[in-house]
Amino acid sequence: MQFLQKSLVELITQTSTNLPPDVRAAMRATGLAEKPDTQASQALNIIFSNIDMAADDSGAICQDTGMPTFFVHTPVGVNQIEIKKAIRAAVAEATKLGKLRPNSVDSLTGKNSGDNLGTGTPVIHFEQWEQDEIEVKLILKGGGCENKNVQYSLPATLEKLGSAGRNLEGVRKCILHAVWQAQGQGCAPGALGVCIGSDRAHGYDVAKEQLFRTLDDVNPDPVLAELEARIMTEANELGVGAMGFGGRVSLIGCKIAAANRLPASFFVSVAYNCWAFRRLGVRLNAASGEITNWLYRDPSLEVERMTKSEGFPLTGREIVLTAPLTEEKVRSLKVGDVVLISGEMYTGRDAVHAYLMKNPPPVDLHGAVLYHCGPVMLKEGDEWKVKAAGPTTSIREEPYQADVIRKYGVRAVIGKGGMGPKTLAALKECGAVYLNGIGGAAQYYARSIEKVLDVNLIEFGIPEAMWHIRTKNFAAIVTMDAHGNSLHADVEKETGERLEELAAV
Ligand code: SF4
């Protein structure tokens with residue numbers, strides 16, 4: 001199997017950098033469905049540019065390459081231990097090449113292993129089959145959407161939808177609730193894998209496996225096919241829209257399986273995948289490990305571009321900001337404004353925020369822009385180079401953000417998915433603003449970063465360190481302003497009202 005590791009590195013690289021054709025088609029349809037000149041269509045323009053940039057430069061579509069999860073079928077007699085070793089070696093190699101972000105963190109010490117290897121990482125599922133070739137499928141599902149997975153135990157009482165019983169109507173309510181609760185935090189529009197039944201642990205596995213179905217397939221079970229179609233229609237009436245900005249498309253796919261359950265249990269497990277829906281597969285020669293065939297893509301066909309021109313079409317209405325920012329400038333911003341930020345900013349996410357609660361910042365944050373981002377960085381010579389740098393889900397910092405703004409004078413926070421009432425109150429009190437970047441647009445934003453100036457707290461690992469960067473025309477949308485307005489709160493309220501109407505249908 002001399003080619004096995006090479007083939008697996010190619011599978012990881014393609015999965016991380018080149019969105020499959022069925023997902024591209026669904027996203028293209030999303031672009032056509034949205035009204036032009038809306039916040040959702042602006043977000044989609046950036047997403048489409050990002051998809052093209054990632055494929056052109058073989059860069060990670062999103063900086064969060066998730067928990068690499070492999071599903072492997074082997075012919076009887078093939079040594080699975082060898083395959084596991086090759087997968088682990090390929091994962092470490094792809095991480096070194098910057099195709100995967102180092103994402104494996106020791107849950108007890110908090111230490112990042114640096115190579116995506118560790119206890120339980122990567123995840124590998126093996127199954128034998130009666131075919132001659134090996135099949136390896138891979139999904140890279142990032143933490144933002146993984147955190148929006150949800151499991152329901154029926155009967156249940158659901159917010160906005162009321163009681164959900166142990167029947168298909170109850171299941172329908174759970175799935176609609178899953179889309180609503182994700183809002184923009186899982187980088188909508190999303191795709192769902194759903195398992196009706198099974199037990200808690202296996203239900204999630206089956207749900208995730210549904211994400212290997214192509215978005216345009218039809219469930220062979222007519223009952224499930226009808227439910228999938230109904231969910232697609234109803235979920236897209238909710239109005240969550242791209243990145244949760246409000247819009248016509250909230251869901252690009254819904255794939256449902258049913259598995260037997262215990263008489264006492266009735267679980268509905270939902271795996272929520274973001275628009276950066278990265279899954280591919282290969283067939284391998286069982287003797288050499290060479291790729292004989294790709295699944296989901298035809299490498300002989302040219303990759304169809306998502307945009308006609310590179311970049312985010314500017315309207316001239318964008319507000320140019322130069323960081324660090326003054327209170328006066330920040331207070332003049334309002335929800336809906338599109339800003340282009342040039343100047344210096346700092347990254348900071350979970351570890352940095354926890355650190356700042358107990359320690360002074362290693363840099364002066366007065367007037368600063370704090371970017372919720374865990375980038376992919378590679379050291380080339382003495383310099384750090386940005387390989388991928390989109391925003392991470394901000395709501396995780398809700399317990400800390402208000403204190404960080406008050407204590408250290410931060411003027412703008414960039415992230416995705418919005419933040420809660422504590423942060424909104426601090427923005428108003430201190431004259432600060434929350435800017436929504438476009439989740440997953442890791443290549444687009446990497447190009448907005450002119451230079452990595454420095455790094456602090458590198459002991460937290462690459463994604464969690466505090467990177468000091470200089471940006472040029474970094475595009476974002478004001479979604480929470482210093483006047484107490486929050487687009488996220490408004491969209492959640494409006495979509496919640498529509499969800500209530502759907503309960504009665
Ligand atoms: S697109 Fe968003 S949810 Fe998906 S992996 Fe990237 S940051 Fe996470």
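Me: Where is the place of Thr292?

Reply: Thr292 belongs to strand S11, which runs over residues 291-295; strands here are DSSP runs of E with at least two residues, and helices are runs of H or I with at least four, each kind numbered from the N terminus. The model is a predicted one, in which local features need pLDDT of at least 70 and side-chain atom pairs count only at pLDDT 80 or more, while totals for chains, interfaces and linings use all residues. Residues are numbered from 1 along each chain as its sequence is written, and side-chain values use heavy atoms, with hydrogens and water left out.

Me: Why is Thr292 called partly exposed?

Reply: The relative accessible area of Thr292 is 38%, and the term covers whatever falls between buried (under 20%) and exposed (over 50%), judged with a 1.4 Å probe on protein chains only. Thr292 is therefore partly exposed. Its C-alpha lies 8.8 Å from that of Glu133, although 159 residues separate Thr292 and Glu133 in sequence.

Me: What makes Gly98 count as buried?

Reply: Gly98 has a relative accessible area of 8%, which is under the limit for buried, and so it is given that name. Gly98 is in the loop between helix H4 (80-96) and strand S2 (123-129), and its C-alpha is 6.8 Å from that of Leu378, a residue 280 positions away in sequence.

Me: Why is Asp37 called exposed?

Reply: Asp37 reaches 61% relative accessibility, which is over the limit for exposed, so the word applies. Asp37 is in the loop between helix H2 (21-33) and helix H3 (39-57), and it has a positive phi of about 65° without being a glycine.

Me: How many disulfides does the count come to?

Reply: The count comes to zero disulfides, a disulfide being a pair of cysteine sulfur atoms within 2.5 Å. For Cys145, the nearest cysteine sulfur belongs to Cys274 and is 3.8 Å away, and Cys145 is in no disulfide. Cys145 is also buried, because its relative accessible area is 2%.

Me: How do you know that the sulfur of Cys373 is too far for a bond?

Reply: The closest cysteine sulfur to that of Cys373 is in Cys62, at 9.2 Å, which is not within the limit for a disulfide, and so the pair does not count as one. At a relative accessible area of 1%, Cys373 is buried.

Me: What makes a space a cavity, and how many cavities of 30 Å³ or more are there?

Reply: Rolling a probe the size of a water molecule over the atoms shows where empty space is left. On a 1 Å grid over the protein atoms alone, a cavity is a set of points where a 1.4 Å probe fits but cannot get out, whereas a pocket is an open set with protein on both sides within 12 Å along at least five of seven lines; in either case, lining residues have an atom within 4 Å of a point. Points are joined across faces, edges and corners, and a volume is the space filled by probe spheres set on them. The count comes to two cavities of 30 Å³ or more. Of the 19 residues that line the largest cavity, Cys62, Asp64, Gly144, Cys187 and Lys416 are the closest to its centre, and its space is about 140 Å³.

Me: In which cavity does the ligand sit, and what makes that the right word?

Reply: The ligand sits in the largest cavity, a wording used if more than half of a molecule's atoms lie within 2 Å of the grid points. Around the ligand are 13 residues, of which Cys62, Cys145, Cys187, Cys274 and Arg278 come nearest; a residue is near if one of its heavy atoms lies within 4 Å. One of these, Cys187, is buried at 5% relative accessibility, and its phi is near 55°, a positive value in a residue other than glycine.

Me: About how much space lies in the largest pocket?

Reply: The largest pocket holds about 730 Å³. Its lining has 33 residues, with Arg101, Asn103, Ser104, Val105 and Arg349 nearest the centre, and helix H5 (residues 143-146) gives the largest share, three residues.
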